[in-house]
Amino acid sequence: MGNEVHLDAIDRDILFHLERDGRLTNVELAKRVGLTPPPCLRRVKRLEETGVVSGYRAVIDPAAVGRGLEVLVDVEVYATDRKTVEAFEETVASYEEVVEFRRLFGRPDYFLRVSVADHAAYEAFLTGRLTGLPGVLRTESHLTMKQIKAAP
């Protein structure tokens with residue numbers, strides 16, 4: 001790929017530490033990767049400017065904000081016309097309960113990660129919002145038994 005950024009071992013180490021704690025001070029980050037603060041800061045700025053680091057955010061505990069139930073949802077659609085597909089994607093992406101939304105190759109057509117308060121809230125979301133959308137053929141819900149690994 002022509003727009004790939006060259007990353008050396010120190011860049012990768014910086015990314016490793018920032019992924020785990022984006023609030024590290026430059027001084028602490030520099031110490032962890034074996035640099036002095038000025039060159040460490042230059043590297044971080046380069047990683048930000050080239051888009052390797054695309055932002056920093058807080059990780060919120062879903063249960064603490066009343067969204068303790070997470071459901072993975074497969075969605076198949078029967079519509080293939082651009083207008084219906086675009087309307088479906090725009091609508092689903094706007095739902096607050098949908099925390100991740102992907103269009104897939106093959107089946108299912110879409111993958112959603114939905115975060116709600118409880119089973120009743122999920123049923124209301126599924127029957128009241130998702131399955132009634134034009135083009136939706138089928139949904140399949142998956143409840144997590146145990147989360148083994150998550151993105152940092």
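Here are some exercises with worked solutions on the predicted model shown above.

**Exercise 1. How do helix 1 and helix 2 cross?**

Task: Find the angle between the axes of helix 1 and helix 2, decide which word describes it, and name the residues that make the contact.

Solution:
- Step 1. Start with the axes. Those of helix 1 and helix 2 (residues 26-33) come within 10 Å and cross at roughly 130°.
- Step 2. Choose the word. Angles over 145 degrees count as roughly antiparallel, and 65 to 115 as roughly perpendicular. The angle of roughly 130° fits neither range, and therefore helix 1 and helix 2 are oblique to each other.
- Step 3. Add the hand: this crossing of helix 1 and helix 2 is right-handed.
- Step 4. Look for the residues. Helix 1 brings Asp 13, Ile 14, His 17 and Leu 18 to the contact, while helix 2 brings Leu 29, Arg 32 and Val 33.
- Step 5. Sort them by class. The contact of helix 1 with helix 2 has 4 nonpolar, 1 polar and 2 charged residues.

**Exercise 2. Where does helix 3 fit in?**

Task: Work out how helix 3 is oriented to helix 2 and to helix 1.

Solution:
- Step 1. Take helix 2 with helix 3 (residues 37-49). Their axes come within 9 Å and cross at roughly 100°, which makes helix 2 roughly perpendicular to helix 3.
- Step 2. See who meets whom. From helix 2, Asn 26, Val 27, Leu 29, Ala 30 and Val 33 meet Pro 37, Cys 40, Leu 41 and Val 44 of helix 3.
- Step 3. Sort this contact between helix 2 and helix 3 by class: 8 nonpolar, 1 polar and no charged residues.
- Step 4. Now take helix 1 with helix 3. Their axes are 11 Å apart and the packing angle is about 80°. Helix 1 is therefore roughly perpendicular to helix 3.
- Step 5. List the partners. Ile 10, Asp 11, Ile 14, Leu 15 and Leu 18 of helix 1 are in contact with Cys 40, Arg 43, Val 44, Arg 46 and Leu 47 of helix 3.
- Step 6. Sort again: the contact of helix 1 with helix 3 has 7 nonpolar, no polar and 3 charged residues.

**Exercise 3. Two residues of helix 1**

Task: Decide whether Asp 11 and His 17 are buried or exposed, and list what each one touches.

Solution:
- Step 1. Place Asp 11 in helix 1 (residues 9-20).
- Step 2. Recall that buried means under 20% relative accessible area. Asp 11 has 1% relative accessibility, so Asp 11 is buried.
- Step 3. Leave aside neighbours within four places in sequence. The contacts of Asp 11 are then His 6, Arg 43, Arg 46 and Leu 47.
- Step 4. Turn to His 17, also found in helix 1. Its relative accessibility is 15%, so His 17 counts as buried.
- Step 5. Not counting residues up to four places away in sequence, His 17 touches Leu 24, Leu 29, Arg 32 and Val 33.

**Exercise 4. What builds the largest nonpolar core?**

Task: Find how many residues the largest nonpolar core has and which elements contribute to it.

Solution:
- Step 1. Begin with a general idea: in soluble globular proteins, nonpolar side chains tend to be buried together.
- Step 2. Count. The largest nonpolar core has 20 residues, and those with the most contacts inside it are Val 75, Phe 88, Leu 112, Tyr 122 and Leu 130.
- Step 3. Trace the elements. Strand 1 (69-77), helix 4 (82-94), strand 3 (110-116) and helix 5 (119-130) each give two or more residues to this core. Strand 1 supplies the largest share, 5 residues.
- Step 4. Check for another core. Apart from this one lies a core of 12 residues, among them Leu 18, Leu 24, Leu 29 and Val 53.
- Step 5. Zoom in on Leu 112. Leaving aside neighbours within four places in sequence, its contacts include Val 71, Val 75, Val 92, Phe 101 and Leu 130.

**Exercise 5. Distant in sequence**

Task: Find how far apart Ser 115 and Pro 62 are in sequence and in space, then do likewise for Arg 129 and Glu 90.

Solution:
- Step 1. Ser 115 lies in strand 3, and its relative accessible area of 4% means it is buried.
- Step 2. Ser 115 and Pro 62 are 53 residues apart in sequence, with their C-alpha atoms 7.5 Å apart in space. Pro 62 is also one of the contacts of Ser 115.
- Step 3. Arg 129 is in helix 5 and, at 33% relative accessibility, counts as partly exposed.
- Step 4. Arg 129 and Glu 90 are 39 residues apart along the chain, and 13 Å separates their C-alpha atoms.

Technical notes
Residues are numbered from 1 along each chain as its sequence is written. This is a predicted model: local features need pLDDT of at least 70, side-chain atom pairs count only at pLDDT 80 or more; totals for chains, interfaces and linings use all residues. Side-chain values use heavy atoms; hydrogens and water are left out. Helices (H or I, at least four residues) and strands (E, at least two) are DSSP runs, numbered from the N terminus. Buried means under 20% relative accessible area, exposed over 50%, partly exposed in between (1.4 Å probe, protein chains only). Contact means heavy atoms within 4.5 Å. A nonpolar core is a set of buried Ala, Val, Leu, Ile, Met, Phe, Trp, Tyr and Cys residues joined through side-chain atoms within 4.5 Å. Axes are lines fitted to C-alpha atoms, for helices over the stretch in contact, and angles run from 0 to 180 degrees between N-to-C directions. Angles under 35 degrees count as roughly parallel, over 145 as roughly antiparallel, 65 to 115 as roughly perpendicular and the rest as oblique. A crossing is left-handed if the near helix is turned anticlockwise from the far one by less than a right angle, and right-handed if clockwise. Ala, Val, Leu, Ile, Met, Phe, Trp, Tyr, Cys and Pro count as nonpolar, Asp, Glu, Lys and Arg as charged, and the others, Gly among them, as polar.
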